[in-house]
Amino acid sequence: MYPVLFQLGSYQIDSYVFFNFLALIVGAILYFRLSRTQKSLRLEETMLLWAGGLAGGFIGAKFFDIILNFKSIMDNLYPYLTQQEGTRTVLGGIIGGYFGVKAAKKYLGLTEKTGDPFALAALAAMGIGRIGCLFGGCCYGKPYQGWFSIYLHGQYRYPTQLIEMVFDFGLLMVLWLLRSSMKQPGDLFKLFVFSYALFRFIIEYIRTEPVIWHGLTLYQLMALPLVILTGRYFYRNYFKAGFFHGRLD
């Protein structure tokens, strides 16, 4: 665990903050480059959509953490609004970002699908952000003594940050290859949501999140409806329609 990445004079550069800032920059650059392929969008519209997604993402990421720590927050709200206590969840960020973009589109009067560039930009940002989680020592796994364990917080654990980083970059590569093969605009974003939600549901079993209902964590309860809704969409529009069968033939 390396909470301080490097030092400039007397000023310490926090690892978590550095990699999350880098993730934000890389995600923004990728989003704007990909969005320019949608010729119907003006630059100011693209900027407002990004701002809406970013604002909604930050609110959603913190909102579900506040729910999880509601009792403690009733005693003292301030630490949970800053980074002194609590965390921000990627799933909450995805949900909040979706509604943030919806609000921006309604304000602009846009009806076309604009989520596909967000999917690719989000995965790039998430992969970089997990490096910050690893160095900062958060989002860690349960105790584990296997060959690929890492030493965090006084014992060997599942390297959940590294596992998710590999998944994020791997899914980014897959979606990049599929970006011109989807039936409808917006399907790439749905595939991103389905894939990440399913992955997050599974990896929660080796993370240290508290179980809150029937053996499931809050994040599993958030992920499950996303998997069902998007999975149903792909079953009806791709698998049942024979899309992948035709491609494989």
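A residue counts as exposed when its relative accessible area is over 50%, as buried when that value is under 20%, and as partly exposed in between. In this predicted model, that scale separates two sides of helix α7, where V166, M173 and L177 are exposed while residues including T160, Q161 and E164 are buried. The points below take up the helices, a strand hairpin, the cysteines and the aromatic rings.

**Helix α7 and its surroundings**

- Helix α7 runs over residues 160-178, and its 19 residues reach 26 Å from the first C-alpha to the last, close to the 27 Å expected at 1.5 Å a residue.
- The buried residues of α7 are T160, Q161, E164, M165, D168, L171, L172 and L175, and because they cover an arc of only 135° around the axis, they fall on the same side of the helix.
- Those buried residues of α7 pack against α5 (90-108), α6, β3 (150-152) and α8 (187-203), whereas V166, M173 and L177 are exposed on the other side of α7.

**Helix α6**

- Helix α6, made up of residues 116-136, has 21 residues and reaches 30 Å from its first C-alpha to its last, which is close to the 30 Å expected at 1.5 Å a residue.
- This helix is mostly covered, with 17 of its 21 residues buried, and just after α6 the residue G137 takes a positive phi of about 85°.

**Buried positions in α2 and α9**

- E45 lies in helix α2, which spans residues 43-68, and with a relative accessibility of 6% E45 counts as buried.
- Although E45 and A104 are 59 residues apart along the chain, their C-alpha atoms are separated by 8.7 Å.
- T230 belongs to helix α9, residues 218-239, and is buried, its relative accessible area being 10%.
- When residues up to four places away in sequence are not counted, T230 touches K190, V193 and F194.

**The β1-β2 hairpin**

- Strand β1 (residues 4-8) and strand β2 (residues 11-14) pair in the antiparallel sense over four bridges, and Q7 has Q12 in β2 as its bridge partner.
- The two strands, β1 and β2, form a hairpin with two residues between them, and G9 in the turn has a positive phi of about 65°.

**Cysteines**

- The structure holds zero disulfides, and C133 is accordingly in none, the nearest cysteine sulfur being that of C138 at 3.7 Å.
- C133 counts as buried at 5% relative accessibility.
- For C138, the closest cysteine sulfur is in C139 at 3.7 Å, which is too far for a bond, because a disulfide requires the two sulfur atoms to lie within 2.5 Å.

**Aromatic rings**

- A search of the whole structure finds 21 aromatic pairs, among them the edge-to-face pair of Y31 and F32, whose ring centres are 5.5 Å apart with 70° between the planes.
- The two members of this pair are covered to different extents, since Y31 is buried with a relative accessible area of 1%, while F32 is partly exposed with a relative accessible area of 22%.
- The rings of Y144 and F148 have their centres 5.1 Å apart and their planes at 55°, so this pair is tilted, and F148 counts as partly exposed at 30% relative accessibility.
- Ring pairs also link Y31 and F32 with W50 and F118 into a cluster.

Conventions
Residues numbered from 1 in each chain as written. Predicted model: local features only at pLDDT ≥ 70, side-chain atom pairs only at ≥ 80, totals over all residues. Heavy atoms only, no water. Expected span 1.5 Å × (residues − 1). Buried < 20%, exposed > 50% of the residue type's maximum accessible area, 1.4 Å probe, protein only. Arc of directions from axis to C-beta. Contact = heavy atoms within 4.5 Å. Pairing = 2+ DSSP bridges. Phe/Tyr/Trp six-rings, centres within 6.5 Å; stacked < 30°, edge-to-face > 60°.
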